[in-house]
Amino acid sequence: MPDQTQPYAGALAAFRLMSMLADEHHADLDAPARLMSAHAWVGGGAPAFAADLAGRRAEIQAALASALRAMADLVIRQGGPALAPPGLFTCVSMANAAPSRFRGVEPAAMTALISRLRQAGERLPEAGSRLAALLGAHGLPSGAGAGVGRIGEWAEIQSVGLTRRLAVIRRTVPGTLSAATVGYGLFGAHAASSVETLLAKLSAQDTCVLAHLLVLQESGADAGLAARVNAWWQTLGPDLQERLTTLPGFGLLNGLPALVRDRANRHWLLAEKNRLNGLAPIEEITDQLKRIDLIERQLRPHPGYPPPLLLGFDLRGQGRLIVSWGDPDTADIVVTSVSGFTSGLDAAHADLERSRALWQQATATSGGRSVASITWLGYDAPQLDPGLFDPDRSVAFSGAAVKGGKALAAFADGLRASHEPSGTARSIIVGHSYGSLTTGRAAVLRPGQLADDIILIGSPGVGVSHASGLGIDPQHVWVGEAGGDPVATLGRFGADPGDASFGARHIPAGRDLWTSAHSSYWNQDSPSLRNLGSIINGQYDQLVHPEPRDNRPQLLMPEFAREPTLRPDPKDDPA
């Protein structure tokens, strides 16, 4: 006990009381900060909330330290001993990024966060009042105590708001929460933007707002747009959801569940068919009706394959089409194929067949994992038309890929936002020909987020000089070049991806006539198709090489050589 006859006795006693108070409360926000550190990867408003929380945690510790220094200085001024304040500054370790782009969040973690905030909201105001009283009793400024109390009030407000938001979410999402749900549903108040206003208006079925959102989506500028759409959709009642699916073009919104997009797009396709059948049969109308017939034929069930889902279409211009074989929201493996020169709605049959071939090959060797294979004709690819002389449309320039890359990045955002939470699901993108350049542009826009593996086949270049420029580990960038493929050796857009200096991994692909090699990668039972299936499944040690056709060099006419047999490649070890 301090000697009560000394003039500094009261200040010393107050210092000791304040030290006990600080020791009890300096870590009140450590647990919430640690939980947010572990979940800020979900994006949306979570990083902003985590930063705000970290700042207020630092403020508490600084306020307590400041108050103790002030009281210790008073003890010295009154003739007392020098005092050492207790250590108050703690460290909250930062968590690593999520290992899977489809990873979810357990509701219990968010419940624990809210509980810890509520406890801080109950404890800190009282602590602040006691601190202010001790400071004021000795003629010292009491601002530090008031600051601690205000942070406690902030914690209480946050706990109430998060409790309300989580209750709304749990009504429609009973299980594991997706990153989109947490980032933009739970922490949406910390990610406010004009998009929230637009979505609120879309709830009133405003078709002009829908058009505005689709333009914003096409720009690829907002990486969180699809997650916002997904979180918004989950808050809506079933009746409103059903009404919204009847809006023309609603199913084009990335971030909506795939089954919802399919239902909305099929409704719109039928409505367009009925509308066009009521118009005069001029050439433009007739062409669009032919395109509708083409889409309807492709949407018929194919024996041995899952029902196709219509994720998007556009009858205008050269036309667009996005179809998935399998549900990408629940699949363990999602592969998206991006085509290039001359691809489009009118020529979609071949691209759809290739996606089915990938689905069949990957499924056959997936070990029971489910696969979704998507044909993504979601941009205006260069055509063999007068556009060859337009830099924005020509296959000789990157203009079409720049625009397409933005749309592809936005589509990948949507796949990530709508997928059921999973720590093991995989996403792969296959870019063929000019579509590989489009894929490269998308990868640069979404570094580390576009896919787990990027496959480039028959590529004229992807716009970067090294695989690492795609924002992904080069060990997960794959390049396939069939012997005789004239496009694969062009190196028109940056370095040749097939060159060793590019740093990508090689896909054994065999060879073919130069007239057909560029489209030979999906040939049934071919080494290239088998290897694509293995990479899609993450079975990197299962790649095969064709045996040499014979002992003589094959210079011109490989079609006269005997068929290749396959053997495992001993050089390819698991990644």
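Threonine 207 is partly exposed in the predicted model, with a relative accessible area of 42%. This residue belongs to helix H8. Its C-alpha atom is separated by 7.1 Å from that of leucine 247, a residue that lies 40 positions away along the chain. Helix H8 spans residues 207–219, and the loop between helix H7 (194–202) and helix H8 contains glutamine 205. Glutamine 205 is likewise partly exposed, at a relative accessible area of 30%. The backbone of glutamine 205 has a positive phi of about 65 degrees, although the residue is not a glycine.

A positive phi is also found at aspartate 525, again a residue other than glycine, where the value is near 65 degrees. Aspartate 525 is located in the loop between strand E10 (505–507) and helix H16 (527–536). Most residues other than glycine have a negative phi.

Two buried helical positions were examined in terms of their surroundings. Isoleucine 151 resides in helix H5, which covers residues 143–172. With a relative accessible area of 3%, isoleucine 151 falls under the 20% cut-off and therefore counts as buried. Apart from neighbours within four places in sequence, isoleucine 151 is in contact with Leu29, Arg56, Glu59, Ile60 and Leu124. For one of these partners, glutamate 59, the C-alpha atom is separated by 8.4 Å from that of isoleucine 151, the two residues being 92 positions apart along the chain. Threonine 181, in helix H6 (residues 179–186), has a relative accessibility of 2% and is thus also buried. When neighbours within four places in sequence are left aside, the contacts of threonine 181 are Ile169, Leu186, Asn230, Ala231 and Gln234.

Two packed helices are described by the angle between their axes and the distance between the axes. For helix H1 (residues 9–25) and helix H3 (residues 46–77), the axes come within 9 Å and cross at roughly 165 degrees. As this angle is over 145 degrees, H1 and H3 are therefore roughly antiparallel to each other. The crossing of H1 past H3 is left-handed. On the H1 side, the contact is made by Ala11, Leu12, Ala14, Phe15, Met18, Ser19, Ala22 and His25. The contributions of H3 are Ile60, Leu64, Ala67, Leu68, Met71, Ala72, Leu74 and Val75. Classified by residue type, the contact of H1 with H3 comprises 14 nonpolar and two polar residues, with no charged residues. Ile60 of H3, part of this contact, is also among the residues in contact with isoleucine 151 of helix H5.

At the level of the whole chain, the secondary structure comes to 16 helices and 12 strands. The chain has 575 residues, of which 53% count as buried. Among contacts with a sequence separation of 6 or more, 74% involve residues 24 or more positions apart.

The confidence of the prediction was considered last. The protein chain averages a pLDDT of 89, and 89% of the residues score at least 70. Over residues 550–575, however, pLDDT stays under 50. For this stretch, the model has 47 contacts beyond four places in sequence. Where pLDDT is low, the predicted coordinates should not be read in detail.

Conventions. Residues are numbered from 1 along each chain as its sequence is written. This is a predicted model: local features need pLDDT of at least 70, side-chain atom pairs count only at pLDDT 80 or more; totals for chains, interfaces and linings use all residues. Side-chain values use heavy atoms; hydrogens and water are left out. Axes are lines fitted to C-alpha atoms, for helices over the stretch in contact, and angles run from 0 to 180 degrees between N-to-C directions. Helices (H or I, at least four residues) and strands (E, at least two) are DSSP runs, numbered from the N terminus. Angles under 35 degrees count as roughly parallel, over 145 as roughly antiparallel, 65 to 115 as roughly perpendicular and the rest as oblique. A crossing is left-handed if the near helix is turned anticlockwise from the far one by less than a right angle, and right-handed if clockwise. Contact means heavy atoms within 4.5 Å. Ala, Val, Leu, Ile, Met, Phe, Trp, Tyr, Cys and Pro count as nonpolar, Asp, Glu, Lys and Arg as charged, and the others, Gly among them, as polar. pLDDT is the predictor's confidence in each residue, from 0 to 100. Buried means under 20% relative accessible area, exposed over 50%, partly exposed in between (1.4 Å probe, protein chains only).
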